[in-house]
Amino acid sequence: MLKDVRDMKPMVHCITSPVTAYAICDILACLGVRTFMAEEVEEIEDMTAGADGLMLNMGMWKKEKLNSMILAGKVANTFNHPIVLDPVGIGTSSLRRTAALELLSTVSVTAIRGNYKEILALQKNKKTMKGIDGENNLIPLNEKIQLAKEVAKQFDTIIVLSGKKDILTDGTQTYLLENGCASMAQIVGTGCQSSAIITAFLAAKKSSPLYAALYGLGSFTIAGEMADLSLRKGEGLHSLAHRMSDIFYCLDDKEWEAKIRYEVIF
């Protein structure tokens, strides 16, 4: 599927935080994916119509973004383009949580990617965390899986719940992805990059969205894992980030098959 994405060179429209905009463009360029970022209401319809996929990221939230996201989402729905929602910080902010739920009541999204506390906030519509880092290793894995399945059914979408083991589910079939390394979570923007990568793979493989999400996220976590193993003494997060991009750029389907580790749960 990496070859499919690189051959297609999909265009991904990202409405996202300026904090991670460069990181998103940079990692997608490693796939040959074209990117643009437009959020002015006056140009949203034209720009979204010309894309192959839409990524909506709620980082560094401003109220004005909601109208842009809803309009972009409606256009993407009209053209049957995949949409990935990354509801950053909704477990902390009632403003963001209200906006996310309004968006989900108006637009059909293909996937929602978030941590445990963000996905829980969608289900419960209440505060669940402080800040934006919501992983809690004390939560049993089976509880996380159950939550992901319930929210997938609630919003008729794919849930990608990030953690030590990433959970991907459409409410019926579930994948547990085991690749990656703990240091990836310390690099600013890897969550946003993951959402954008998933969007690109969904655009290239519309017929199998859950597997496309697994393939995309799996590709990125394989790159992170390989980069982490290659670090030498004295190298840290910046070296990891740059090496991860290089490995991601060179990764092919044969290597993916050799290195991917996941479990299927029905």
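This passage describes the overall form of a predicted model and then several of its helices, loops and single residues.

The secondary structure of the chain comprises eleven helices and nine strands. The radius of gyration is 17 Å, close to the 18 Å that the globule rule gives for 266 residues, so the chain is as compact as a globular protein of that length. Along the principal axes, the C-alpha atoms fill a box of roughly 45 × 40 × 35 Å. Of the 266 residues, 55% are buried. Among the contacts with a separation of 6 or more, 73% are between residues 24 or more positions apart. The surface exposed by the chain comes to about 11,900 Å², of which carbon and sulfur atoms supply 51%. The chain carries 29 positive and 31 negative charges, and the mean positions of the two sets lie 5 Å apart.

The N-terminal part of the model is represented here by Leu 2 and Thr 20. Leu 2 belongs to helix H1, which covers residues 2–8. With a relative accessibility of 0%, Leu 2 counts as buried, because the cut-off for that class is under 20%. Beyond residues up to four places away in sequence, Leu 2 touches Leu 31, Phe 201, Tyr 215, Ser 219, Leu 251, Asp 252, Asp 253 and Trp 256. Leu 2 is also 10 Å from Cys 250, C-alpha to C-alpha, although 248 residues separate the two in sequence.

Thr 20 lies in the loop that joins strand E1 (11–15) to helix H2 (21–29). Thr 20 has a relative accessible area of 5%, and is therefore buried. When neighbours within four places in sequence are set aside, its contacts are with Val 188, Gly 189 and Cys 192. The C-alpha atoms of Thr 20 and Gln 193 are 8.2 Å apart in space, whereas the two residues are 173 residues apart in sequence.

Two loops on either side of helix H4 (64–78) each contain a residue with a positive phi. Met 60 is located in the loop between strand E3 (53–57) and H4. Its phi is near 50 degrees, a positive value in a residue other than glycine. The relative accessible area of Met 60 is 46%, so this residue is classed as partly exposed. Asn 80 occupies the loop between H4 and strand E4 (83–86). Asn 80 is not a glycine either, yet its phi is positive, at about 60 degrees. With a relative accessible area of 55%, Asn 80 passes the cut-off of 50% and is therefore exposed.

Within helix H4 itself, Lys 74 was examined. Lys 74 is partly exposed, its relative accessible area being 45%. Apart from neighbours within four places in sequence, Lys 74 is in contact with Thr 106 and Val 107. The C-alpha atoms of Lys 74 and Lys 149 are separated by 25 Å, and the two residues stand 75 residues apart along the chain.

Helix H6 (116–124) is mostly covered, with seven of its nine residues buried. These buried residues are Tyr 116, Lys 117, Glu 118, Ile 119, Leu 120, Ala 121 and Leu 122. The elements that cover them include helix H5, strand E5 (111–114), helix H7 and strand E6.

Helix H7 comprises the 15 residues 141–155. At 1.5 Å a residue these should span 21 Å, and the end C-alpha atoms are 21 Å apart, so the expected and computed values agree. The buried residues of H7 are Lys 144, Ile 145, Leu 147, Ala 148, Lys 149, Val 151, Ala 152 and Phe 155. In an α-helix there are 3.6 residues a turn, so residues three or four places apart point the same way. The cover over the buried residues of H7 includes the helices H5 (94–106) and H6 (116–124). It also includes the strands E6 (158–161), E7 (166–169), E8 (174–177) and E9 (262–265). H6 and H7 thus appear in each other's cover. Directly after H7 comes Asp 156, whose phi is positive, near 50 degrees.

Key:
Residues numbered from 1 in each chain as written. Predicted model: local features only at pLDDT ≥ 70, side-chain atom pairs only at ≥ 80, totals over all residues. Heavy atoms only, no water. Helix = DSSP H or I, 4+ residues; strand = E, 2+ residues; numbered from the N terminus. Rg over C-alpha atoms; globule rule 2.2 N^0.38 Å. Buried < 20%, exposed > 50% of the residue type's maximum accessible area, 1.4 Å probe, protein only. Contact = heavy atoms within 4.5 Å. Areas by Shrake-Rupley, 256 points an atom, 1.4 Å probe, with all protein chains shown as cover. Lys, Arg positive; Asp, Glu negative; His and termini not counted. Charge placed at Lys NZ, Arg CZ, Asp CG, Glu CD. Expected span 1.5 Å × (residues − 1).
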